[in-house]
Amino acid sequence: MRDKYDLPEADITGFKNSISTAAVEENLRQAPSLESFFKKNDKYMHDSALPEYLKQKLKEKGLRRADVIQESGLDRGYVYEIFAGKKKASRDKLIAIAFGLHLTLEETQRMLKLAGYSPLYSKSRRDIIIYYSLYHNKSIRDTEIQLYDAGFDPLVDVKE
């Protein structure tokens, strides 16, 4: 039996059992309690979607994790833990992985949202450098130089 706040499914995210974020938010507004909301909407939560997305992109791009590690400049164990869902990466580390995976700007924005981070913002000078680099298929090394020249922190710490 459908409650008044049940909305039809629409798989726009690329994952099974998905509805739009707007539909989930509407369900939340209409839910009589959090318990009721989670009971009816738990299948739509994407807490484990990031590792799935990363593995999907790895396969689509025909890359190996070793390629991502080399291209991202991140530690091997750290990347494996992120892909396995055992570690929550910072926004910057995910952006480094985006460079390693050769993700498009749109794919990177999607990845950041799945991880619970804000997408790159076109009114933030630091984000603009990263946005431009992704859009124009620049390497992480070129991006790090641009960030350094503009006085911003790097995506990957030198000690990594």
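Which residues are linked with Lys57 in a network of salt bridges? The answer is Glu60, Lys61 and Glu107. A salt bridge here is a side-chain nitrogen of Lys or Arg within 4 Å of a carboxyl oxygen of Asp or Glu. Side chains of opposite charge can pair when their charged atoms come close. By this rule the model has a count of eight salt bridges, and we'll visit some of them below.

Before that, a word on what you're looking at. This is a predicted model, where local features need pLDDT of at least 70 and side-chain atom pairs count only at pLDDT 80 or more, while totals for chains, interfaces and linings use all residues. Residues are numbered from 1 along each chain as its sequence is written, and side-chain values use heavy atoms, with hydrogens and water left out. As for pLDDT, that's the predictor's confidence in each residue, from 0 to 100. The protein chain has a mean of 86, with 85% of its residues at 70 or more. Residues 1-15 are another story: pLDDT stays under 50 there.

Now to helix 1, which covers residues 21-30 (helices are DSSP runs of H or I, at least four residues, numbered from the N terminus). Glu26 and Arg29 sit in this helix, three residues apart, or about one turn, and their side chains meet in a salt bridge at 2.9 Å, N to O. How open are they? Glu26 is partly exposed at 26% relative accessible area, whereas Arg29 counts as exposed because its value is 56%. The cut-offs are under 20% for buried, over 50% for exposed and partly exposed in between, using a 1.4 Å probe and protein chains only.

Further along, the side chains of Glu81 and Lys87 meet in a salt bridge at 3.8 Å, N to O. Glu81 is partly exposed at 33% relative accessibility, and Lys87 is also partly exposed, at 36%.

Next, look at Arg91 and Asp127, whose side chains form a salt bridge at 2.9 Å, N to O. This pair links distant parts of the chain, 36 residues apart: Arg91 belongs to helix 6 (residues 91-101) and Asp127 to helix 8 (residues 125-135). Both Arg91 and Asp127 are buried.

Finally, leave the charges behind and find Phe38 in helix 2 (residues 34-41). Phe38 is partly exposed, with a relative accessible area of 42%.

Notes:
Contact means heavy atoms within 4.5 Å. Helices (H or I, at least four residues) and strands (E, at least two) are DSSP runs, numbered from the N terminus.
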